[in-house]
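User: I have a model open and keep meeting words such as contact, buried and pocket. Please show me how each one is decided.

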Amino acid sequence: MFFYKTLHEEILRGINESLFAVEGNFDVILNETKKEFEGHVTFVVFPLVKQAGKSPEVIGETLGNWLINNSTIVEKYNVVKGFLNLSLKDSFWLEAFSKIQQKEYFSSRKPTGEKVLVEYSSPNTNKPLHLGHIRNILLGWSVSKILEFEGNEVVTTQVINDRGIAICKSMLAWKKWGEGKTPETTGIKGDHFVGDFYVKFEQEFVKEYTAFSESEEGGKIYLGQKKENQEKTDFFKVFKNTYFNEFSPLGAEARNMLLEWEAGANDTIQLWKQMNGWVYEGFDTTYKTLGVSFDSVYYESETYILGKKVVEEGLVKGVFYRLPDSSVWIDLEDAGMDKKIVLRSDGTSVYITQDIGTAIKRYEDFGAKKMIYTVADEQDYHFKVLFEIAKRLGEPFADGLFHLSYGMVDLPTGKMKSREGTVVDADDLIAEVISEAKLNAGERGELAHMTVEEQENIFYKIGLGAIKFFIIKVQPQKRMIFDPKESVDMQGATGPYIQNAFVIIQSLFRKSDSATQNKTFMLPETLNEGEKTLIQLLMSFPEVISNAAKQYEPSGVANYAYTLAKEFHKYYHETRILSAETASLIDFRLSLSKEVANALQTSLNLLGIEMPDRM
RNA sequence: GGCUCCGUAGCUCAGCUGGAUAGAGCAACUGCCUUCUAAGCAGUAGGUCUCUGGUUCGAAUCCAGACGGAGUCACCA
């Protein structure tokens, strides 16, 4: 609120001189005046009532009067109940505007010297990315951009779950039914290709399981193990996992493959590398389309051993303890959590062990004392435990760990379920929203003169702007309902609405007389309310970004950009810009528009959204 | 059951470091393109901010409890 520093001081002086002596540091809190009242800034006088010994109205009048006579900024005031509404002089707005025009205003802040690592995406390699990943990726990316803007040195990273039974299922299915096909020979994107074999495995497994449940052997098991009054279909719903592990030939083959992988069997490792390679190619395409990138990547197949050494050291320090069956634990009950296993009795590591190891490895690699994990809220407890363990191990980064938790994405029909085929695929969604942008643009005809390539680029920016804004405007901690129909909508509070405000401004500059552009203009003597509102919004830009950085929360930036775009649309409608009364007024309005465009573009860039020049 | 998160208009969401008569968008209805891009603007209608208590001059916002929804409490990840 550095624009209001002088006003703060003046109000404080006013209280001292017209009401009573202020003791200590009294906090003058200013609010923006609500639209339905006259004024720009409101000072609430209720907190002064007791000390002043006067009614709120009298205090407001007294202070307002004092400001009229002594303030360099306040032009008018009015008092409504305990609210002192202040109208500020045009000179104040113009001075503020000249600060906004300085180059640094929309550039990233001076380096803080702080290094921050941001983890996001972190998928499994057995299926393509879906809507849930998109929310994760957009959040993580946006937070990394915002932190970077605030002067932090940011390292983006992910840890890929590239091992385990899931990928073995895909591998087995490909081996059995793949007929040597590849993404190249089929023209299917690599991650989808591998995902299709995962689905194929499940289909074959279900066939096998159905046959089993109808067989004589299955019948015996049902009769022998069923609970009282349990229907056969209900029993076999629950029994599926046990069947996979204890009876299924396919299950046995898949598990055998996992054992071979762990033993380092050559053929299996080759196949594993081959299939994961296809998946990574597919992921890379999607990441590229989404406009995100990673400075580093960790693989669970490499990091899962890392934690073990740490556990051994922690045992010596007494942070962990070993049970007779040789499993290793940590007792977090005094911190309000449970006991947690960190090494299995067979000496292998569990999920959290890897995470401890990975965190330490990352600290060795990058020396970032702040690490942010973008992971869905189903893992809230996991990260609470992880961070507590880091603390007890005395890791230097333990206090800088943050779980950027976000709610799951639901569909209007309910939860996304891969088994029921209701998962929204990332690539499909992106394609859909781009073609919707194309459809809309076709109706408008603004782009008719451009080459196909230029047009495609614009549809892409608009489509991605729509989807990204739609997801990022919702606060992370809230579960969100994703309506595919709404997400491709480009009217109202959407990415394209904001892009449109930007595009209109670009058009103004194209149409304005180039001789008058960027010339130093005479400041107009009077500003209209729309101009003051825009300047006031531009003034709050730094605060919006720094709040987003402090809270690791980009939704405020999205909402800010929308508010600003809305005010601009309104201003544009009410105020003539290119045909203003004087040349200098034209210049001023163009300059103001330009700063609005800067604010919109900078804000949306921090959300990973690009601006088209036309649409 | 313990813990965590969520509950605001028909729907999707803002507002939450306490301030005025709780705001947008969508959907519905009315106007506005011979004037700078109508992906726009203006308007009508829509509310017991889940409920109950507490703190306060003042509570959607803070605290406690209840109700409803979700998640989690694995030698899964």
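**From value to word**

Analyst: Helix 20 gives nine residues to the surface near RNA strand B, the most of any element. Bear in mind that this is a predicted model.

User: What makes a residue count as near RNA strand B?
Analyst: One of its heavy atoms must lie within 4 Å of the strand. There are 69 residues around RNA strand B, and Phe83, Asp325, Arg344, Arg444 and Lys511 come nearest. Of the strand's atoms that come within 4 Å of the protein, sugar and phosphate make up 62%.

User: Why is the pair between glutamine 475 and RNA strand B called a polar contact?
Analyst: A polar side-chain atom of glutamine 475 lies 2.4 Å from a phosphate oxygen of RNA strand B. The cut-off for a pair of N or O atoms is 3.5 Å, so this pair is a polar contact. The side chain of arginine 479 has an N or O atom 2.6 Å from a sugar or linking oxygen of the strand, so that pair also qualifies. For asparagine 500, the distance from a polar side-chain atom to a sugar or linking oxygen is 3.3 Å, and this too is within 3.5 Å, so it counts.

User: Which elements give two or more residues to that surface?
Analyst: Among them are strand 2 (41–44), strand 4 (83–88), helix 17 (426–444) and helix 20 (495–511). By class, the surface residues are 28 nonpolar, 17 polar and 24 charged.

User: How do you know whether the span of helix 15 is close to the expected one?
Analyst: Helix 15 covers residues 351–366, which is 16 residues. At 1.5 Å a residue the expected span is 22 Å, and the helix reaches 22 Å from its first C-alpha to its last, so the two are close. Just after the helix, glycine 367 has a positive phi of about 65 degrees.

User: Why are Ile352 and Arg362 of helix 15 called buried?
Analyst: The word requires under 20% relative accessible area. Ile352 and Arg362 are among the residues of helix 15 that are buried, so each falls under that limit. Others include Thr353, Asp355 and Gly357.

User: What makes a residue part of the lining of the second largest pocket?
Analyst: A lining residue has an atom within 4 Å of a pocket point. The lining has 32 residues, so each of them meets that limit. Glu32, His40, Thr533, Gln536 and Leu537 lie nearest the centre. The pocket holds about 850 Å³ of space. Helix 23 supplies the largest share of the lining, seven residues.

Key
Residues numbered from 1 in each chain as written. Chains lettered and ligands numbered in written order. Predicted model: local features only at pLDDT ≥ 70, side-chain atom pairs only at ≥ 80, totals over all residues. Heavy atoms only, no water. Polar contact = N/O pair within 3.5 Å; in protein donor to acceptor, adjacent residues only side chain to side chain. Helix = DSSP H or I, 4+ residues; strand = E, 2+ residues; numbered from the N terminus. Nonpolar A, V, L, I, M, F, W, Y, C, P; charged D, E, K, R; others polar. Buried < 20%, exposed > 50% of the residue type's maximum accessible area, 1.4 Å probe, protein only. 1 Å grid on protein atoms, 1.4 Å probe; cavity = no way out; pocket = protein on both sides within 12 Å on 5 of 7 lines; lining within 4 Å. Points joined across faces, edges and corners; volume = space filled by probe spheres on them.
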